[in-house]
Amino acid sequence: QALAMLLDKQLHRVGTQHVPAAKIYSADELRVALSKDELINYYQPKVSLSIGELVGVETLVRWRHPVDGMVFPDQFVGVAEEHGLIDELTRVVLQAALTQAKRWQEIGLRLKIAINVSMDNLTSLDFPSFVSEQAMLAIVRPQDVVLEVTESKLMKDQRASLEILTRLRLKRFRLSIDDFGTGHSSLAQLRDIPFDELKIDKSFVNGVHANETIRAIYLASVSLAKQLRMEVVAEGVESRDDWDFLRQTGCDLAQGYFISPPMPASELPAWAAGWTQR
Ligand code: C2E
Ligand code: CA
Ligand code: CA
Ligand code: CA
C-alpha cells in the first residue's frame with residue numbers, strides 16, 4: 001500500500017505537475033476513448049475525522065490509454081469541456097460509479113459516492129432526471145450521492161446551471177462546493193447555490209499545521225461552513241500533523257494520501273477491511 005501511494009503520487013506529479021508540457025489530448029482522441037470504454041474510475045476514500053470511519057469515496061476518472069498508459073484528468077477533462085464532450089463523460093463516469101456502489105452495497109459496503117461535475121455539465125435540463133434514474137437503478141439513495149461542483153472557466157449559461165443544481169437539490173442529492181477558496185469557487189456561489197458540503201482546496205490543507213497564513217484561511221473556511229450548516233471536507237491531507245490539526249479544529253471529513261491514494265474499485269473492499277484510524 002505504501003508503494004501504491006508512492007506510485008500514485010509519482011504518477012500524479014508526472015501527469016500534472018513536474019512535466020510542464022504534459023500532453024493534452026485532442027477532442028478526436030477523447031471521442032475514441034469514450035467509444036472504446038477506455039475511461040476508468042478510481043475511488044479515493046473520504047473518512048470522518050471524529051471516529052475515523054470510512055464514509056464515502058470520491059470518483060476520479062482516469063484514461064487507460066493503449067499507448068501512453070495511465071492518463072490523468074487534467075490532461076483531458078478541459079478538452080472535454082471545450083468540445084462538448086463533458087456531458088457524455090460525466091454520464092459515463094456517473095453510471096459506472098453508481099453501478100459500482102450497488103456492487104459494494106451487495107457485499108455490505110455502504111458508501112456515499114461523490115462525482116465531479118463542472119458547471120458546464122449543467123446545461124442539459126434532463127441531467128437531474130438522468131441522475132435520478134441512475135440512482136434508482138443502482139438502488140442508491142439520493143442522500144448518498146454527492147455532486148462535487150466546480151465553477152468552470154467557460155460558464156456558458158449560469159441561469160441554466162443554477163436551475164439544474166436547484167432541481168438536483170430538490171431531489172435530495174447532496175451538493176458539494178469543490179476547490180473552495182480558489183479562483184473558480186467563490187463566495188457568490190455559496191450565496192446562490194444551496195450546498196450541503198464545503199470542500200476546502202488542498203492548497204489550504206496541505207501544511208495547515210505549520211503555516212499561519214494557510215491556517216487562517218482554513219479556519220475561516222471551517223467557520224463559514226459551520227455557520228452555513230455545511231459539512232466540511234479537507235482534501236489533500238498528506239501528513240499526520242495536518243490530520244491531527246484537522247481533527248482538533250472541527251473539520252468533518254478528510255481525504256488525501258495520508259489516508260489513501262485513489263484506487264481501482266477492486267481494491268476498495270480489502271482497503272476498507274484493513275483501514276484503522278490513524
Ligand atoms: P479534484 O476534484 O480537486 O480532485 C482531487 C485531486 O487531488 C485528484 O487528482 C486526486 O488524485 C488528488 N489527490 C488526492 N489526494 C491527494 C493528496 O493527498 N495530495 C495531493 N497533492 N493530491 C491529492 P486527479 O485524480 O488527477 O484529478 C484532478 C482533477 O480532475 C480533479 O480535482 C477534478 O477537478 C477533475 N476530475 C477528476 N475526475 C473527474 C470527472 O469524472 N469529471 C470531471 N468533470 N472532473 C474530474
Ligand atoms: Ca472533487
Ligand atoms: Ca481540489
Ligand atoms: Ca478541481
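What spacing do the donors of the calcium ion (ligand 3) follow along the chain? In this predicted model, the pattern turns out to be D-x21-D-x33-E. The protein atoms behind that pattern come from Asp179 (OD), Asp201 (OD) and Glu235, which appears twice with OE. These donors sit 2.1 to 3.0 Å from the calcium ion (ligand 3). Two of the residues come from loops: Asp201 is found between strand S7 (197–200) and helix H8 (212–227), while Glu235 is found between strand S8 (231–234) and helix H9 (240–248), so the pair ties together parts that are 34 residues apart in sequence. Both loop residues are tucked away from the outside. Asp201 has a relative accessible area of 10%, which is under the 20% cut-off, so it counts as buried. Glu235 is buried too, with a value of 9%.

Next comes the other calcium ion, ligand 2, which lies 5.7 Å from the calcium ion (ligand 3). Its protein donors are Glu58 (OE), Asn116 (OD1), Glu148 (OE) and Asp178 (OD), at 2.2 to 2.4 Å. Along the sequence, these donor residues are spaced E-x57-N-x31-E-x29-D. Here strands supply two of the donors: Glu58 belongs to strand S2 (residues 54–65) and Glu148 to strand S5 (residues 145–150), so this pair ties together parts that are 90 residues apart in sequence. As for exposure, Glu58 is buried at a relative accessible area of 5%, and Glu148 is buried at 0%.

That leaves ligand 1. There are 24 residues around ligand 1, and those that come nearest are Gln44, Arg62, Lys202, Glu238 and Tyr257. A polar side-chain atom of Arg62 lies 2.8 Å from an oxygen atom of ligand 1. Two of the calcium donors turn up here as well. Asn116, a donor to the calcium ion (ligand 2), has a side-chain N or O atom 3.1 Å from an oxygen atom of ligand 1. Glu235, a donor to the calcium ion (ligand 3), has a side-chain N or O atom 3.3 Å from an oxygen atom of ligand 1. On its own, ligand 1 has 800 Å² of accessible area, and the protein covers 91% of that.

Which elements give two or more residues to the shell around ligand 1? They are S2, helix H4 (86–106) and strand S6 (174–180). The largest share, 4 residues, comes from S2, the strand that also holds Glu58. Sorted by class, the shell has 11 nonpolar, 5 polar and 8 charged residues.

Notes
Residues are numbered from 1 along each chain as its sequence is written. Chains are lettered from A and ligands numbered from 1 in the order in which they are written. This is a predicted model: local features need pLDDT of at least 70, side-chain atom pairs count only at pLDDT 80 or more; totals for chains, interfaces and linings use all residues. Side-chain values use heavy atoms; hydrogens and water are left out. Donors are N, O and S atoms within 2.8 Å of the metal (3.2 Å for Na, K and Ca); water is not among the atoms, so sites may look incomplete. Buried means under 20% relative accessible area, exposed over 50%, partly exposed in between (1.4 Å probe, protein chains only). A residue is near a molecule or strand if one of its heavy atoms lies within 4 Å of it. A polar contact is a pair of N or O atoms within 3.5 Å; within protein, one must be able to donate a hydrogen and the other to accept it, and residues adjacent in sequence count only if both atoms are side-chain atoms. Accessible areas come from the Shrake-Rupley method with a 1.4 Å probe; for residues, only the protein chains shown count as cover. Ala, Val, Leu, Ile, Met, Phe, Trp, Tyr, Cys and Pro count as nonpolar, Asp, Glu, Lys and Arg as charged, and the others, Gly among them, as polar.
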